[in-house]
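Thanks, everyone, for making the time. I would like to walk through one model this morning, starting with its open space and then turning to how the side chains pack.

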Amino acid sequence: MARAPLRPLDDAPADAKELLAAAEARNGFLPNLLRVHANAPVALETYLTVCGINARSSLSLAEREAVQITAAAEHGCGCCVAGHTAIITKAGLDPAVIAALRARGQVPDARLEAVARFTRSVIASRSRVEDADLAAFRAAGFDAQAALEVVLGVSLATLCNFANNLGDAPLNQQLEPFRWDAPRASAA
């Protein structure tokens, strides 16, 4: 059961209705993650605005989605792992790459492996990455702009992942084929 109301379009705050209607038209369904965000229209607006900005970055779609899946897996957000898996699956990314990103394993594509490693380093160090981590990212062909765009992607993911984890919304049935369940922490 969700810990935050899943706001349907007809019960959403006035400031969220237009944003939700546009998202529903774009997706063909209303993602539960947006229904959770609708409880705070400014959070919904921020998320959707930053999504649009992130889409304009110099990173390719596969690289942006590698950031999103890596961050979501690191943050334990099954909804976001599933949603971003759906995006890159439909875009035709190699299933072995997708599986590795979801498993937080070795990605069989050197460039996307560099993105995933750098993303994990940004998250773990709160962007105080080691010189060696930045050098490895640059050696894979990325520059300072791309490094900052990974930080942008992580910030976008953090907003969404944390809101979803707080709201604990169920996965939409449309995303069930891409389900990812976060590993549970073991009892100490």
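Let me begin with the largest pocket, whose lining is made up of 30 residues, and among these N27, Y47, C51, H84 and I87 are the ones nearest its centre. Please keep in mind throughout that what we are looking at is a predicted model. The space inside this pocket comes to about 760 Å³. If we ask which elements build the wall, helix 1, helix 2, helix 3, helix 4, helix 5 and helix 9 each contribute at least two residues to the lining, and the largest share, seven residues, is supplied by helix 5.

Now to the packing. As general background, nonpolar side chains in soluble globular proteins tend to be buried together. Here the largest nonpolar core has 26 residues, and the members that touch the most others are A16, L20, L33, L34, L44, Y47 and L175. Two or more residues of this core come from each of helix 1 (14-27), helix 2 (32-37), helix 3 (41-55), helix 4 (61-75), helix 5 (78-90) and helix 9 (144-167), with helix 5 giving the most, namely five residues. You may recall Y47 from the pocket, where it is one of the residues that lie nearest the centre; in the core, Y47 is among the members with the most contacts to other members.

To take one residue in more detail, what does L33 touch, once we set aside residues up to four places away in sequence? The answer is Y47, C79, C160 and N164.

Apart from that core there is another, of 24 residues, which includes V97, A100, F118 and F137, and the last two of these bring me to the aromatic rings.

The structure contains two aromatic pairs. In one, F118 and F137 are stacked, with 4.2 Å from centre to centre and 15 degrees between the planes; since F118 belongs to helix 7 (residues 110-125) and F137 to helix 8 (residues 131-139), the pair ties together parts that are 19 residues apart in sequence. Both F118 and F137 are buried. In the other pair, the ring centres of F137 and F142 are 4.4 Å apart and their planes are at 5 degrees, so this pair, too, counts as stacked, and both F137 and F142 are buried. Through these ring pairs, F118, F137 and F142 are linked into a cluster. Finally, the charged end of R111 sits over the ring of F142, at 3.9 Å from the ring centre.

Methods: Residues are numbered from 1 along each chain as its sequence is written. This is a predicted model: local features need pLDDT of at least 70, side-chain atom pairs count only at pLDDT 80 or more; totals for chains, interfaces and linings use all residues. Side-chain values use heavy atoms; hydrogens and water are left out. A nonpolar core is a set of buried Ala, Val, Leu, Ile, Met, Phe, Trp, Tyr and Cys residues joined through side-chain atoms within 4.5 Å. Buried means under 20% relative accessible area, exposed over 50%, partly exposed in between (1.4 Å probe, protein chains only). Helices (H or I, at least four residues) and strands (E, at least two) are DSSP runs, numbered from the N terminus. Contact means heavy atoms within 4.5 Å. Rings of Phe, Tyr and Trp (its six-membered ring) pair if their centres lie within 6.5 Å; planes under 30 degrees apart count as stacked, over 60 as edge-to-face and the rest as tilted. A charge sits over a ring if NZ of Lys or CZ of Arg is within 6 Å of the ring centre and within 35 degrees of the ring normal. On a 1 Å grid over the protein atoms alone, a cavity is a set of points where a 1.4 Å probe fits but cannot get out, and a pocket is an open set with protein on both sides within 12 Å along at least five of seven lines; lining residues have an atom within 4 Å of a point. Grid points are joined across faces, edges and corners, and a volume is the space filled by probe spheres set on the points.
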